[in-house]
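Trainee: I would like to learn how to read the overall fold of a chain and then one of its helix packings. Where should we begin?

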Amino acid sequence: MVSFFISVAALILGYLIYGKFVERVFGPDPNRKTPAITKADGVDFIPMPTWKVFMIQFLNIAGTGPIFGAIMGAKFGPAAYLWIVLGCIFGGAVHDYFSGMLSLRNGGAGLPELIGKYLGRRTKTVMLCFSILLLVLVGAVFVYSPAVILKDLAGDGSNAAFMIWAGVIFVYYIIATMLPIDKIIGKIYPVFAIALIFMALALMVGLIFKHPQIPELWDGLSNRSKTWGGAGQPIWPYMFVTIACGAISGFHATQSPLMARCLKNEKLGRPVFYGSMITEGLVALIWAAVSSYFFFGGGAAEVGGTFADAAPTVVTKVSRAWLGVLGSILALCGVVAAPITSGDTALRSARLIIADFLHFDQKAIPRRLAISVPLFVVAALLLWFNIANEDGFNVIWRYFGWANQTLAVFTLWAVTVYLSRERKGAYYLMTLLPACLMTAVSVTYLCIAQIGFNLPLGWNRWIGACVVVVAATLFFLWKYRTNRK
């Protein structure tokens, strides 16, 4: 438990110290009018109270990532703590802050617009297609897990019950995506965010009282999943893809512009963008510690589980055993709400990205429908693929995991170019290093994973090292040529 408490303290200090440094590098201007004021349209550009913007941003980026990802990542051992803490402070929170603030400075521009500005028009076109694909994947993936949990809570495990709940969620998606952001999202998301935070804090209290013996950082960073009959997946790069939203996630860069269109002052960027990512890291850290107890400290036997239990099963069993009836209901509501709310804002982001690209005004409902309907059709087809194929969900989830981290690569490189051009000194190093790391993660995973080229697992370190060297070399060559010009 000592490693857990040190990690919690590190995340808080990261926000107070490094977060302030990141803010100073960007240089927010409290006197500059934000897009929420200059482009107010009553639909997507609406000034909202800061606490609401924070809660919505936190719930938008959370999804099931900091819970399910942390549970699956905990099987790798204490190395999960390091990745959550270091990845969140120096990678994810920086990624989220700059993507949000650059959107704020560019009139609430979506991610493809920002990518195109700093990485070129061709990259913008690729990113447009890539981000829409990822967002539709999110919309489909985040229907599946809450529908499964809801049918189990209702006591009906049939496929018919699953289809009914999936249909209910899709209807909600349509309503939430079409209405102005302050009508549903602005009213109920803060409540769901509070439920999610309550769940995490309640579990943390449970950990403190139980004070279980779980693996510590100084016990070694070896891959513990192998000793329990794991599939033999190496920590590099699988853990870095498994624990995404709790450390760094490209999906967040598609969500930050939504809240950039609602902020009333640039100085609010650090608590909203950097702070919500740190909060998500804390949630992931708590679930990683709980799962470490579940898998390695006797917790599975205590709640009637096994090492082979899937993440939703771990959530259900732990919540019921630790929090009682009322507490488990609130906790499970948070787990159900998180993916649903991320799914609908993902489709909302996809609508806005396409609208920005086509210069298609979104004030009128028929114009919103013209873009939204095709998106919902594609998401429904992907969901049908999940149901029709026994391993369909796992296949789509693996593609989603890789695409998610690859999107972070593009965002980090765009921010690196921005810092290199706009800021004097070596401030670009603060995103260059995470950019090189995540490039190596994405390329290595694509090379050795079954969904990619399926190369020998033993090549993972060599591939990663080569990618880092090549990426850094290409950047410094670009920088040298740019400076000469």
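**From contacts to a helix pair**

Mentor: Begin with contacts that join distant parts of the sequence. In this predicted model, 82% of the contacts between residues at least 6 apart in sequence join residues at least 24 apart.

Trainee: What secondary structure does the chain have?

Mentor: The chain comes to 18 helices and zero strands.

Trainee: How does the radius of gyration of the chain stand against that of a compact globule?

Mentor: The general idea is to set the value against a rule based on chain length. A compact globule of 485 residues would have a radius of gyration near 23 Å, and the chain has 21 Å, which agrees. Along the principal axes, the C-alpha atoms fill a box of roughly 65 × 50 × 40 Å.

Trainee: What share of the residues is buried, and what supplies the exposed area?

Mentor: Buried residues are 59% of the 485 in the chain. The chain exposes about 19,200 Å², with 67% of it from carbon and sulfur atoms.

Trainee: Now the helix pair. At what angle do H10 and H17 pack?

Mentor: Helix H10, residues 235–242, packs on helix H17, residues 429–448, at about 110°, and their axes are 9 Å apart. Angles of 65 to 115 degrees count as roughly perpendicular, so H10 and H17 are roughly perpendicular to each other.

Trainee: Which residues make the contact?

Mentor: H10 contributes Trp-236, Pro-237, Tyr-238, Phe-240 and Val-241. From H17 come Leu-437, Ala-440, Val-441, Thr-444, Tyr-445 and Ile-448. By class, the contact has 10 nonpolar residues, one polar and no charged.

Conventions
Residues numbered from 1 in each chain as written. Predicted model: local features only at pLDDT ≥ 70, side-chain atom pairs only at ≥ 80, totals over all residues. Heavy atoms only, no water. Axes fitted to C-alpha atoms, helices over the stretch in contact; angles between N-to-C directions. Helix = DSSP H or I, 4+ residues; strand = E, 2+ residues; numbered from the N terminus. Parallel < 35°, antiparallel > 145°, perpendicular 65-115°, else oblique. Contact = heavy atoms within 4.5 Å. Nonpolar A, V, L, I, M, F, W, Y, C, P; charged D, E, K, R; others polar. Rg over C-alpha atoms; globule rule 2.2 N^0.38 Å. Buried < 20%, exposed > 50% of the residue type's maximum accessible area, 1.4 Å probe, protein only. Areas by Shrake-Rupley, 256 points an atom, 1.4 Å probe, with all protein chains shown as cover.
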